[in-house]
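These are my notebook entries from an inspection of the structure displayed here. I looked up strand pairing and one charged side chain.

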Amino acid sequence: MKLDAALPALLALCALGAAELVDAQVHVLMGPTPIPNAAARAAGDITVSNEKLAFALAVQSPPPYGVPRGALVALAPVSHGHIGRNRVVFADFIPNNWAAWPNTYQHVEVLDKGPEQVRVRAERDWGAVRISTVYTLHAKADRIELTTTMSNEGNATLSALLSGFTLWPNSGFLFPVPGLAGLNEGKATDVLAPRVSAYDRDWAVTLHAPYLDYVGSGSRDLLLQHALKPKESRTFSAWLQVGSSGDLAPVVAEDIEEARLPAGDVHGNVTSRDGAAVAESVVMVEKDGKPYAWTLGHGSAYRLRLPAAQYTLYATGRAYSRSPAQNLSLAADRDEVRNFTQLDKPGRVAFAVADADNGGPLDARITIKSGDKPPVEFLGRSTFFTELERRGQLSESIAPGEYRFAVSAGGGFLARDAEVDVSVKSGQDAQARVGITPLIDPPGRGWYAADLHHHADQAEAVTPPADLVRSQLAAGLNVIFVSDHDSTANLETLAKLAHSRGLTFLPGIELSPSWGHFNAYPVKLGARLAIDPGTAAVGDVIKEARRLGASVVQVNHPFIPYGYFTSVAAGVAPGGFNGGFDLVEINSTVPRDDVKVLQRVWQYWNEGHRYYLSGGSDTHDVWNDLSGRVRTFVHVEGELSAASFAQSLKAGHAYVSYGPVIFPSVMFGSELKVEAREPFVLGFDLAAVAGLKRAELVSSGVVKDTRLFEHAPLRGRAQFSLITEHPAWYALVVEDAQGRKAYSDPIWVTLETSAPGSAH
């Protein structure tokens with residue numbers, strides 16, 4: 001790291017308090033960052049700040065996800081001379097989506113050390129490519145300028161690359177690229193503005209990326225599709241804009257200034273029907289029928305500068321109704337007035353969710369299916385969960401209006417969802433009593449379910465532990481599970497929460513190198529990660545999982561760009577293939593990979609390797625993701641505990657399901673001895689709340705027999721009469737009427753050894 005020339009000034013700044021770093025000038029500090037809740041805690045890390053913002057580069061600290069050192073891992077607003085809480089996990093450049101990043105060096109150099117400008121250059125390699133990023137912060141600026149140059153120093157053309165900057169917040173909400181809401185990954189067509197914003201009431205961070213033509217990870221990755229020929233270089237320019245409120249007016253002003261767009265202004269007042277100012281008012285701007293931006297009201301007044309264009313505007317507030325929409329045709333240099341005066345004050349809805357048969361309370365997920373959904377998420381949720389302390393109960397302030405709610409208690413697996421219409425009046429309480437009939441009872445037959453890939457609120461995940469428990473209970477899961485990225489910080493808290501409800505807690509961790517992720521569980525409470533996944537080899541990662549106490553090591557999403565099997569095939573997993581894992585995951589975020597996972601484990605079974613299946617949703621945000629969308633059912637004899645669950649899972653007494661439920665007559669993972677060429681029977685009791693469609697018996701990776709179910713019954717039985725001359729394995733694939741499937745571990749069939757002289 002080339003800091004020698006700047007070292008005296010940096011060491012002097014180290015002696016200053018954090019308040020001294022946030023005046024109008026730009027400062028550089030070497031050492032543990034003063035930004036609260038930031039991961040850059042090493043002596044060689046670098047913090048840069050002015051009166052508007054502070055950011056930190058991990059020079060000696062390990063960045064997340066196994067990314068090489070020299071990356072931006074902390075970013076915070078500065079307000080009234082105080083540095084706010086860190087709001088990002090990672091906001092930097094990636095060379096090819098989230099594919100593995102083989103790396104041999106990092107060089108970090110302070111080019112300009114202030115007071116008017118600070119520039120820091122971080123240089124790293126990615127295979128044969130040199131990646132150089134310059135971070136620039138000017139005095140009084142609210143933005144960090146980012147310039148990255150990729151230089152191919154190899155002899156081969158690199159094609160089909162997806163390169164660009166990313167914004168991964170650690171809290172708050174995400175406003176996707178305007179025009180692309182709902183697109184998780186794909187070409188960025190019909191973009192209204194090339195930016196993504198993370199935000200909450202008191203902060204906003206926006207990544208502006210003019211080069212954008214492809215988005216990934218739900219707009220967290222703003223990428224460019226390109227190739228890089230030998231000796232060719234390509235430069236990417238972007239900037240991170242930071243604000244100390246959730247107002248996007250400065251973001252739109254930045255769009256206008258940077259692109260020199262003709263613009264005008266709109267202003268007015270936002271009041272309730274009785275003329276009172278609306279608390280936390282928001283004026284929402286839509287363009288081409290899609291959310292474009294918003295501004296916050298101050299008192300009853302608002303003002304917003306917009307590019308000249310056609311818009312639709314409406315106003316709302318926290319739990320207030322929406323105003324009628326108004327059209328705006330804004331010409332350059334015009335100042336238009338739009339007042340919003342017909343907002344209704346909040347109402348309240350109270351839910352009581354119970355078993356329709358016995359009246360017992362049920363944990364439930366409650367979602368607005370139709371009715372007013374807050375457009376800015378700090379104004380209110382669209383998904384709610386019943387309380388931990390008062391099971392089956394929920395009381396929530398909500399905008400007045402007509403609603404239809406979907407209510408789910410183990411929905412899709414144990415019971416059918418219910419729907420209820422509720423009319424919410426301003427200033428009044430509405431009551432909703434919902435009965436749900438449980439249809440299937442796996443624990444009654446010794447089967448228990450867990451979502452074996454689930455995050456709480458570490459790294460980029462945003463679910464507090466209590467809400468994780470509420471969500472998993474509402475999903476009808478029997479075992480509470482967490483696997484945060486490289487962190488065990490939530491384990492003790494979740495253990496206490498689970499105990500308070502008499503639940504089994506399975507503590508885990510997701511070990512997260514750039515070339516593959518692994519869940520390890522059960523982890524000992526109090527254990528802490530002792531390796532750097534970014535520099536560890538495969539064997540080191542598996543060894544660390546065992547040191548943490550894990551009896552189970554699970555290969556997560558193995559075929560995604562940074563999945564373990566993908567990286568092994570590409571030769572970028574350090575240490576190559578290591579078979580020290582136990583399970584291979586079916587991950588519901590990448591259902592297209594289910595077939596690849598099945599084909600791989602079936603191949604393992606053909607070879608006699610007893611690697612079994614697991615299933616996880618990879619939920620990070622329980623309000624926008626669905627806990628237990630895919631889950632693992634495990635059969636446990638006797639008392640359920642974390643140890644007994646993990647032991648049965650590792651022994652293959654399990655199946656993975658998106659909906660169907662299986663009760664085998666011969667336990668999955670067990671050995672069944674039969675006589676050669678003598679008939680034997682495998683039978684399975686089946687159930688699916690959506691109705692059964694088919695069951696396929698698979699052996700040697702091939703479907704051997706099928707049972708079809710007419711009229712989609714709730715329950716059915718699939719029985720297969722078989723004969724074999726050789727040892728074999730048999731697994732079941734069940735599909736329900738909605739196309740959701742379950743995949744079982746194998747039943748191992750071995751042949752009886754005949755006594756000498758016996759005849760057949």
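Which residue in strand 34 stands opposite Val407? I found Ala418 opposite Val407. I record at the outset that the model is predicted.

Entry 1, the sheet around that pair. I noted that strand 33, residues 401–408, pairs with strand 34 in the antiparallel sense, over seven bridges. Both belong to an open sheet of four strands, which I read in the order 31-30-33-34 with antiparallel pairing. Its edges are strand 31 (383–385) and strand 34 (418–424), each of which pairs on one side only. I recorded an average twist of 30° from one strand to the next.

Entry 2, a second sheet. I then turned to an open sheet of five strands, ordered 1-2-3-4-5 and paired in antiparallel fashion. Strand 1 (27–30) and strand 5 (82–83) are the edge strands, each pairing on one side only. Within this sheet I checked strand 2 (residues 46–49) and strand 3 (residues 53–58), which run antiparallel and are joined by four bridges. The bridge partner of Thr47 in strand 3 is Ala56.

Entry 3, a charged residue. I located Asp221 in strand 19, residues 221–228. Is Asp221 buried or exposed, and which side chain of opposite charge is nearest? I found Asp221 buried and without a salt bridge; Arg220 carries the nearest side chain of opposite charge, 7.4 Å away. I did find polar contacts from the side chain of Asp221 to the side chain of Trp98 at 2.9 Å and to that of Trp168 at 2.8 Å. Leaving aside residues up to four places away in sequence, I listed the residues that Asp221 touches, among them Ile94, Asn97, Phe165, Thr166 and Tyr214.

How values were computed. Residues numbered from 1 in each chain as written. Predicted model: local features only at pLDDT ≥ 70, side-chain atom pairs only at ≥ 80, totals over all residues. Heavy atoms only, no water. Pairing = 2+ DSSP bridges. Axes fitted to C-alpha atoms, helices over the stretch in contact; angles between N-to-C directions. Buried < 20%, exposed > 50% of the residue type's maximum accessible area, 1.4 Å probe, protein only. Lys, Arg positive; Asp, Glu negative; His and termini not counted. Salt bridge = Lys/Arg side-chain N within 4 Å of Asp/Glu carboxyl O. Polar contact = N/O pair within 3.5 Å; in protein donor to acceptor, adjacent residues only side chain to side chain. Contact = heavy atoms within 4.5 Å.
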